[in-house]
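Trainee: Hi, have you got a few minutes to go through a structure with me?
Mentor: Sure, put it up and we'll take it piece by piece.

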Number of protein chains: 4
Amino acid sequence: MKIGVIGLGYWGPNLVRNFIAQPEVSKVIGCDLQESRRSFIQKRFPSAELLADYNDLLKSDVDAIVIATPVDTHFKFAKAALEAGKHIWVEKPFTATSDQAKELIDISEKKNLKIFVDHTFIYTGSIAKIKELIRENELGEIKYFDSVRINLGLFQHDVNVIWDLAPHDLSIMQYLMEDSKVAGVAANGIANYSDHENVAHLSVYFQNNAFAHFHVNWTSPVKIRRMILGGDKKMLVFNDMANLEKIKVYDSGVEMKTAEKIHQALIQYRIGDMYSPKVVQTEALNLGAKEFINSIMENRLPLTNGYDGLKVVKILEASEKSIKNKGQLINID
Amino acid sequence: MKIGVIGLGYWGPNLVRNFIAQPEVSKVIGCDLQESRRSFIQKRFPSAELLADYNDLLKSDVDAIVIATPVDTHFKFAKAALEAGKHIWVEKPFTATSDQAKELIDISEKKNLKIFVDHTFIYTGSIAKIKELIRENELGEIKYFDSVRINLGLFQHDVNVIWDLAPHDLSIMQYLMEDSKVAGVAANGIANYSDHENVAHLSVYFQNNAFAHFHVNWTSPVKIRRMILGGDKKMLVFNDMANLEKIKVYDSGVEMKTAEKIHQALIQYRIGDMYSPKVVQTEALNLGAKEFINSIMENRLPLTNGYDGLKVVKILEASEKSIKNKGQLINID
Amino acid sequence: MKIGVIGLGYWGPNLVRNFIAQPEVSKVIGCDLQESRRSFIQKRFPSAELLADYNDLLKSDVDAIVIATPVDTHFKFAKAALEAGKHIWVEKPFTATSDQAKELIDISEKKNLKIFVDHTFIYTGSIAKIKELIRENELGEIKYFDSVRINLGLFQHDVNVIWDLAPHDLSIMQYLMEDSKVAGVAANGIANYSDHENVAHLSVYFQNNAFAHFHVNWTSPVKIRRMILGGDKKMLVFNDMANLEKIKVYDSGVEMKTAEKIHQALIQYRIGDMYSPKVVQTEALNLGAKEFINSIMENRLPLTNGYDGLKVVKILEASEKSIKNKGQLINID
Amino acid sequence: MKIGVIGLGYWGPNLVRNFIAQPEVSKVIGCDLQESRRSFIQKRFPSAELLADYNDLLKSDVDAIVIATPVDTHFKFAKAALEAGKHIWVEKPFTATSDQAKELIDISEKKNLKIFVDHTFIYTGSIAKIKELIRENELGEIKYFDSVRINLGLFQHDVNVIWDLAPHDLSIMQYLMEDSKVAGVAANGIANYSDHENVAHLSVYFQNNAFAHFHVNWTSPVKIRRMILGGDKKMLVFNDMANLEKIKVYDSGVEMKTAEKIHQALIQYRIGDMYSPKVVQTEALNLGAKEFINSIMENRLPLTNGYDGLKVVKILEASEKSIKNKGQLINID
């Protein structure tokens, strides 16, 4: 299999390195308009070919094209690649609008090509372990999902902090709560230093009695990356900043009492043991590359496909409308 | 000075103990309909007098009445006390509606009586130290205020988690950001186990370019009580669950670059030293009692007065409307 | 049952309160030469009787005497009490020398009186849980026991930091490792500010291939109270400064490989899950008082008896000899 | 300048990479008997030359030789290199005995060649910052130095845990406390799984009234790397496992009271603010390489030279004698 990579900036070299390392890949072609980026790749990875013009890549014999460019160019490159008969890998977020995402999905289905959206956390040992616990019904029904991702972070010029940071958390939420359908979105926040919000809070309502909230911030003095999953059997905390014991499962929760004790509190809580399962350390990007290659070879949807990308983009799009209207609820079909 | 205390349940014994310990107080009269509560106080504090009927307390010679009953009865007892010529101390939140708060303030002013609202955190060493830092302009202008108060907590029967927990954080926010005027409120959340929300997120917009957010939750497996104040000079984190180093001041922040470097990022961040000031450990309730007594003796408004109580009640009231309408913005005059 | 308490200083009031609260106790008599201490008790506990002279207490009809005086007076009061036919409760450490401990044990046995040594940690929920795990063989054979108890602490005038702090940890170690017999002791440390060491390290060798180490320090800027138990099946960490999750059990350890893989490392390690069992919160002093009373009523040795006190005193005594000789090994019979 | 590297195993590739990156270095020659290691280097660093026999390296025109082989071979390679007129860089610990270290120092002085011992922590931003604080007399006189380095770690076949882990901490101690002269050493510990101790405690006595202790352990379920420096002005904690705030300086300490208050405690403690200075992140190995090159070009002793290496080896050697005699004090001249 031969792979092209468009965009050799920040993340591109990691993508080139990972695809070169896959045994099924015989050639990797990098593509970027900037000469300095191409020569950087050439030096580090002498086996890579390099091109300046992406049209040359489209005409080449690569089987798949990896798109690692700014989000507002994803659609243009992705559409051209699909029309040239190439499978595509797109960095998060999938597209700048849900209409773009839908159009790409349509083309890929007509041409039986694969779309892989790089929701990279799905391929980490931590999220795989949490998914396994949920599949085994350790947590019961998830009542709420609470996510915090805050830091002193690089301001983006073109998007706000939700578009920058929340795709990670939204893709995790969609993966872990795949049976809960999103009903609507409300977003609040503030832009202190530019036109784009640097602090934001995103509430997500579901069609069942569940709720999710996402706190993202580029201007926090402390770095917090933590999720709480409130199950009706057990509760789980995922602290991605911990060196060890990233996942803690609490045998704690809320208990409804029967009517006999009606004069006392009807709702009580219970605290039990906690355990922290061992998490396998792997490089998510390597597992993602393998999943992309396998989905092509087995002619099936990859684990993080265009539909998953579309779901995230829908929420991002709605959040944008909501935050411009100070938290107005935006329904999602 | 003689003090009456109405409501000898959960918090009442602490109030009785604290007022007995004040040198200016010559007598404390407790008042509760339940005989068991009265005898509990009698045993522990033999010097206290006890009454069952609050009308008897109104007719007594006490100078001030402390109201430690459920919030929906605050107005009734407070109004009766003021009309009987007594100064009042009211537990948080001040009243169930802003109209009630205004009416009590009116009466107190006409009769030159003091209203003390027990925003107890204002009297802790931690909040006093943070206020001092803000007064000395250590933090610069506060751009955002972020508060989290979550735990496995006792469900209240009559109110949701915002009315139960947020008054602490709202009173702290009002105290620390007294120059920023609240413009509007949006609240989101979910009621998983009863009619009252057990998870809630409250966004507060200010008339200047500041923003605050409050996360409260009765159903979290982990106990977090943390505030972040994003100043444009320095940033502060207050972790009330830490045994030591509760307050950390970060010489970190966002820097705007001049136009010369326009092709690079214009907004960058800076990380410097951190320091954690020593905090004096005192019993907040004792300091509050002294402030109440002094405000009466000096004929001045106490530090946490009816106006402060009203401001908090206005936000709570607006949050209730907002959360019932999935985050609709409610303006505050 | 009637109880006398000699020594109403720092810890005495807690002892009086606890014994008054026991349903089997009909009278508590406090005894102290200082009038201010007696009147303090009289005010707080009106039901207590008070005496100045301990000879009057010996002549009274109390069944048992609690000794809460400085350690160098333990023997005098304890011997007098036993000779007057009273059961005794002695604060830690039991006595100032092992000869004193042995003499008290002898008298108690001849007169069939009970000696309770207040190794209070043995009655905490945490140590009870750890003991339970060891009984169930969760940890396997304990290879090493490592204890740290450091803080900015009050200097004692009469003893060094080992005599002050280590009795807690030594009594825990003896309780948890009751099958391992101590062979010898080596202590190192320094006295920076007085004649008594403020930093000390105590190594304990056992007759089997186990080892224990105790680090105590009055002059540490950070407060650490942590024990590690290295079992050959699992390992346990007890962090007494944690608000929650004080006990963590690690399914980690060392594995010996068979000779087949001889060219590789023969000793490897394994990392697995961790769990933190729920610990019941109780007042240790209350459970201790109940155990003392029950041991008298059931005519049996209490859980923390004179023999346990003697074992701890032997190690303390040996540590004193060793530290004065810069770590010389002192054998224990 | 041309550099040779003997030993291309675990650490060798990092050394090759770092010397290639130095602008003053025109050629790097790697040397190892194992063909697989040579070809690994050849692939990753095409500019490197490679040799199998170290005699060929001795005969080459390299200016300096880096020795990254097991400790028992350090002397042989180092002596041969010096005799061939090459400067040397030796990995820690310098040599297997203090006599070897002395002999190498002698040769280097006669031939005016440089010995660099790779005490790598000396070149980290954290230790540089602590040294700066000590130079500025922030801490006052250091009364005690307490170091813990424990983990589930790889057992070494040829040495115990002190020889494996303590050289890091001993070199840091020597650097930070250069004015305090070591007087003697006592070591205790246990070998649970092989002939070599896996748990060890090392006490170091100084000629002034200072004391140091080192706790090293290959079989701890938790990873702790922490040093406490007890100064008589301030105290410092260095937690190398923290992602941020690795260094904390406590304005806390012990205060001696004058004789007037003689009836009260004469020694008290004081707790003040804490601060955490910003630490510059740099690659220690890169800074070390620069120091080595500069010391050669400027014909001066490097910051971590043979004398520093010798001091550490003396303590290691003494610890070995002591631990085999259960903590017997071994004097150091």
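**A chat about the four chains**

Mentor: Let's begin in chain D, where strand β1, helix α1 (residues 12-20) and strand β2 form a right-handed β-α-β unit. Keep in mind that this is a predicted model.

Trainee: Okay, how do β1(D) and β2 of chain D pair, parallel or antiparallel?
Mentor: They run parallel, with 5 bridges between β1(D) and β2 (residues 27-31) of chain D. One point to look at is D:Val5, which sits opposite D:Gly30 in β2(D).

Trainee: And which partner does D:Val5 have in β4(D)?
Mentor: That would be D:Val66. Strand β4 (residues 64-67) of chain D pairs with β1(D) in the parallel sense too, over 4 bridges.

Trainee: How many residues of β1(D) are buried?
Mentor: Of the 5 residues in β1 (residues 2-6) of chain D, 4 are buried, so the strand is mostly covered.

Trainee: Switching to chain A. Which residues of helix α4 are buried there?
Mentor: In α4 (residues 74-83) of chain A, the buried ones are A:His74, A:Phe75, A:Phe77, A:Ala78, A:Ala81 and A:Leu82.

Trainee: Why would residues three or four places apart point the same way?
Mentor: An α-helix makes a turn every 3.6 residues, so residues with that spacing end up pointing the same way.

Trainee: Makes sense. What covers the buried residues of α4(A)?
Mentor: The cover includes strands β1 (2-6), β4 (64-67) and β5 (87-91), along with helices α3 (54-59) and α5 (98-110), of chain A. Just past the end of α4(A), look at A:Gly85, which has a positive phi of about 85°.

Trainee: How is chain A divided into domains?
Mentor: Domain 1 covers 2-113, and domain 2 is made of 122-284 + 313-331. The centres of these two domains of chain A, taken over C-alpha atoms, are 31 Å apart.

Trainee: How many residues are in contact between domain 1 and domain 2 of chain A?
Mentor: 10 residues of domain 1 and 9 residues of domain 2 are in contact. On the domain 1 side, that's 5 nonpolar, 3 polar and 2 charged residues.

Trainee: Now the chain contacts. How many residues of chain B are in contact with chain A?
Mentor: 39 residues of chain B, and they meet 39 residues of chain A. On the chain B side, β11(B) gives the largest share, 6 residues. By class, the chain B side has 23 nonpolar, 14 polar and 2 charged residues.

Trainee: What turn lays chain B on chain A?
Mentor: A turn of 180° with a shift of 0.0 Å along the axis, giving an RMSD of 0.0 Å. The same surface serves both copies, as 100% of the contact residues of chain B recur in chain A.

Trainee: And which rotation superposes chain B on chain D?
Mentor: One of 179°, with 0.1 Å of shift along the axis and an RMSD of 0.1 Å. The two copies are therefore related as by a two-fold rotation axis.

Trainee: Which residue of chain B comes closest to that rotation axis?
Mentor: B:Tyr275, with its C-alpha at 1.9 Å. The bridge partner of B:Tyr275 in β16(D) is D:Tyr275. The two β16 strands (residues 274-276) of chains B and D pair in the antiparallel sense over 3 bridges.

Trainee: How many residues does that contact take from chain B and chain D?
Mentor: 9 residues from each of chain B and chain D. The chain B side splits into 4 nonpolar, 2 polar and 3 charged. Here too, 100% of the interface residues of chain B are interface residues in chain D, so the copies meet through the same surface.

Trainee: Last topic, backbone oddities. Where is the cis peptide bond in chain A?
Mentor: It joins A:Lys92 and A:Pro93, with omega about -10°. A:Pro93 is in the loop between β5 and α5 of chain A. In chain B, the bond from B:Lys92 to B:Pro93 is cis as well, with omega near -10°.

Trainee: What about phi at C:Asn112?
Mentor: C:Asn112 isn't a glycine, yet its phi is positive, about 50°. It lies in the loop between α5 (98-111) and β6 (115-118) of chain C.

Trainee: Is C:Asn112 buried or exposed?
Mentor: C:Asn112 counts as exposed, because it has 9 C-beta neighbours inside 10 Å. D:Lys326 also has a positive phi of about 50° without being a glycine, but D:Lys326 is buried, with 20 other C-beta atoms within 10 Å.

Note on methods:
Residues are numbered from 1 along each chain as its sequence is written. Chains are lettered from A and ligands numbered from 1 in the order in which they are written. This is a predicted model: local features need pLDDT of at least 70, side-chain atom pairs count only at pLDDT 80 or more; totals for chains, interfaces and linings use all residues. Domain bounds come from an automatic or database domain assignment. Two residues are in contact if their C-beta atoms, placed from the backbone, lie within 7 Å. Ala, Val, Leu, Ile, Met, Phe, Trp, Tyr, Cys and Pro count as nonpolar, Asp, Glu, Lys and Arg as charged, and the others, Gly among them, as polar. Two strands pair if DSSP finds at least two bridges between them. A residue is buried if 20 or more other C-beta atoms lie within 10 Å of its own, exposed if 12 or fewer, and partly exposed in between; C-beta atoms are placed from the backbone. Copies are superposed by least squares on the C-alpha atoms of residues with pLDDT of at least 70 in both. A crossover is right-handed if, with the strands pointing away from the viewer, the path from the first strand over the helix to the second runs clockwise.
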